[in-house]
Amino acid sequence: MTDAIPSYLEILNPEQRAAVLHTKNPLLILAGAGSGKTRVITTKIAWLIREQGVDPRSILAVTFTNKAAREMAERARLIDGRAGDAMLRTFHSFGAWFLRRNGSLAGLDPRFVIYDDDDMIALLSSIMEDAPKAEVKQTAHKISRAKDYFYSPDSPELDLIDSRKSFRRIYKEYEEKLGRIGNVDFGDLIKKPVEILRSQSDIAHRFQNRFEVIMVDEYQDANIAQFELLKSLVGPHTYLCVVGDDDQSIYRFRGAEVRNILEFPDRFPGTDIIRLESNYRSTAPILKAASSVVDHNRGRLGKTLRAERGDGKQPVLAFLPDQDEEAVYCAKLIENSIKAGKEPANSTISNSGISKPAVYSDWAILYRTNAQSLGFETEFLRRRIPYRVVGSLKFYEREEIKDALALLAFMANPRDEVAFRRVVNKPSRGVGPATVDRIIAAAENNSTGDLAAAARALIPVLSAKAGAGTKTFLKVIEGGRAALEQTAEPEAAEDESDKTSADVKETINSANVAPKKRKRSSKNNEGLAAGEGLSVCVVHLIQESGIAEYHAAHDEISGNQRINNLQELANAAVLYEASEAGLLEFLEHIELDRSLETAAAENETDSAGGAVTLITFHNTKGLEFRRVVMTGIEQGVFPREDKKDDELEEERRLFYVGATRAMDELYLTSCAVRRVFGRTMPMEPSLFLREIDRSALRIIGNAPYGFAGLTPGGGYGNARYGGKPAAAIDGWSQGDRLYHDDHGYGAVADVRDSEDGPVVRVLFETGKEVRFLSRHQGSRFMKIGRDD
DNA sequence: TAATCGATCTTTTTT
DNA sequence: AGATCGATTA
């Protein structure tokens, strides 16, 4: 250690450095929020390559999101370029990569397409023919869950999920049907590789030898199947290092098991544990607020974060009348911070030590459910506050996009019954359900299961109309295939060549290549512009199939963007080659990484200050923002209704994750009423608000009755609102809440008549008291409601 | 067979 | 409030 320490290690604190330099035994890094976890992982990768002579290609680092994988690759490469050769992937993309090469050992055609939840439901509903849709959905969920836990249709443990015989039967049938089709669902991407590795010891050995080092990020979110995958990949000489934080485990609902991290030392004997407890992100009061909530959880490893940044602005809890005011409050906060940045003289609200002018991208609005984003969007749109919505885009879930993808999927795999059903009669070609069933039945009887072949063979027997329609459809697909083959160049062989043997030579990270080219879509609806590569094929399909026309007609009625969306999809395909391999790559990329930003979602994002981020709590994991507003902190919303025990603890962790995203400023909002399904419902403040250490909180607005013991901070306490509201004078009465551009939020303390007319006395959240003449209020004061 | 109108349900959270 | 689903109707 007395030798010169490389500079990239110098910047680490002792614990971080110990984590980087650790070797041999399995290592569990318990990394609190904001403790420099990513830095440790990336540095470790670089260090292993540089100082330990580890071949980068023998390093596997697994994450849960593509974003995290990309970031990790980028940062590791900055330290050492060779890190670019390491395999950095999500669990699922690793599974897909594995199955393309080794799936044939389990009878899987390497040309499989990945089914998403909707496809899964569609397939399932063809099995559960007359079950209500809700039940089908629920069954799909249970099957996903079963796969997360590595349960097969004949596992005895399946009873833990659903003990009914019928469930077992449906699950089994589903598996058979999916197998016949030759596609896989998300769960299969993990489960099938484990099955192969378990049953084929030669393959297992090959992989155990290939990966000398395996690292897992966000280990607290791993499910049982992923744990099994890990176990199968770790050989006697593999160095295993997992990083996680039990307090940030928020994916239980999709099978994540905190016990993976809690029991890691038992599962891998000899494990060393290193804790990273220095937080470099948030100020002390923010951390205090966050920790005081999660402290109420039982069953945690427990740790204490030290706020290296020291003191800062108190988090603010704002009680607001309703969700519209909530949106206004957020908008005002943002606008004020921007304004304050532009006019530094205006320092009514002084924030200790924060002198940087605020920009839009400093801000994030957090909410529990995607549906809550709408209110903020409308308000921000109105005020021209640039924003971007993370996650809920659902670009790939739109009808027109799913149609186009189904055409592509059917082209890639003519056994794909789900895709076939979706598009064979869209737009309607006279191929009704009866005909479709007949074709599918015929395909089941021929050995290949090829629906296109079965359909072709049936044409002579079908009615004239159905026959003609079927013919048209097949022609479209064939045309698409022709568009592939024409341009298929020898390059296509490159990826195929190393399929069996040396995956060591693999140039990896197809997930990382997708260059961010921003193609401007042609705005006219005349026709779709075909670029190069696979987009030629995509455009052909959506045009010739009539899908484009079908949706164009719809656009005219409801003013949608469907044609533009289809164009966007075609643009994305430009990056892929027009070959079968390119097609599969494109489809896989879409299934596994839906976070792609689409031009459709950009409103004014390109403006200088960036944009405010609208995002669910779940989606914020791994992110940080200078200023964060946690909205809808109400009982029933967050925590969601009837959450108790383990689930309540998970909600608490979610709260913790959200709060620890904030670097400088944290705001919490809680509404007195909220529209739920169009009905206005009275709300109660969240349980979590009572759990927050009160010394770490400043409260503004009116704490509702029942929020015992809390006295608003600005000097206007509950008592003031305890009685009936005073009679209004000139439209103002005691208890009215208002907003002032300079002073922020406040409430009317009293209204008195004077010789110049009614005088309104207002107390602001800053503690400031202001009097003004009612008739002079101008536009500087904005009334925002009252609390009765 | 397709389009239109009402009734009903919706909301977790995501790879 | 909005979407979705089914039944009714043209």
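Leaving aside its neighbours within four places in sequence, with which residues is Ile 692 in contact? In this predicted model, the residues in question are Ala 289, Ser 292, Val 293, Phe 655, Leu 668 and Leu 697. Ile 692 itself is found in the loop that runs between α29 (687-691) and β19 (698-701), and the residue is buried, its relative accessible area being 4%. One of these contacts, that with Ala 289, joins positions lying 403 residues apart in sequence, although the two C-alpha atoms are 5.5 Å apart in space.

The setting of this loop is chain A, whose secondary structure comprises 30 helices and 24 strands. Of the 788 residues in chain A, 56% count as buried, and the accessible surface of the chain comes to about 33900 Å², with carbon and sulfur atoms contributing 49% of that area. When the contacts in chain A with a separation of 6 or more are considered, 75% of them are accounted for by residues 24 or more positions apart.

The cysteines were examined for disulfides, and the count came to zero. For Cys 330, which is in no disulfide, the nearest cysteine sulfur is that of Cys 671, at a distance of 8.9 Å; because a disulfide requires sulfur atoms within 2.5 Å, this pair does not qualify. Cys 330 is buried, with a relative accessible area of 0%, and Cys 537 is likewise buried, also with a value of 0%.

The surroundings of DNA strand B were described next. There are 16 residues around the strand, and those that come nearest are Arg 368, Asn 370, Ser 428, Asn 619 and Lys 643. Of the atoms of DNA strand B that come within 4 Å of the protein, 43% belong to sugar and phosphate. By class, the protein surface near the strand is made up of four nonpolar, seven polar and five charged residues.

Individual polar contacts to DNA strand B involve both backbone and side-chain atoms of the protein. A polar backbone atom of Asn 370, one of the residues that come nearest to the strand, lies 2.7 Å from a phosphate oxygen, whereas Thr 616 places an N or O atom of its side chain 3.1 Å from a phosphate oxygen. At Phe 64, the contact is made by a polar backbone atom, which is 3.0 Å from a sugar or linking oxygen of DNA strand B.

Note on methods
Residues are numbered from 1 along each chain as its sequence is written. Chains are lettered from A and ligands numbered from 1 in the order in which they are written. This is a predicted model: local features need pLDDT of at least 70, side-chain atom pairs count only at pLDDT 80 or more; totals for chains, interfaces and linings use all residues. Side-chain values use heavy atoms; hydrogens and water are left out. A residue is near a molecule or strand if one of its heavy atoms lies within 4 Å of it. A polar contact is a pair of N or O atoms within 3.5 Å; within protein, one must be able to donate a hydrogen and the other to accept it, and residues adjacent in sequence count only if both atoms are side-chain atoms. Ala, Val, Leu, Ile, Met, Phe, Trp, Tyr, Cys and Pro count as nonpolar, Asp, Glu, Lys and Arg as charged, and the others, Gly among them, as polar. Buried means under 20% relative accessible area, exposed over 50%, partly exposed in between (1.4 Å probe, protein chains only). Helices (H or I, at least four residues) and strands (E, at least two) are DSSP runs, numbered from the N terminus. Contact means heavy atoms within 4.5 Å. Accessible areas come from the Shrake-Rupley method with a 1.4 Å probe; for residues, only the protein chains shown count as cover.
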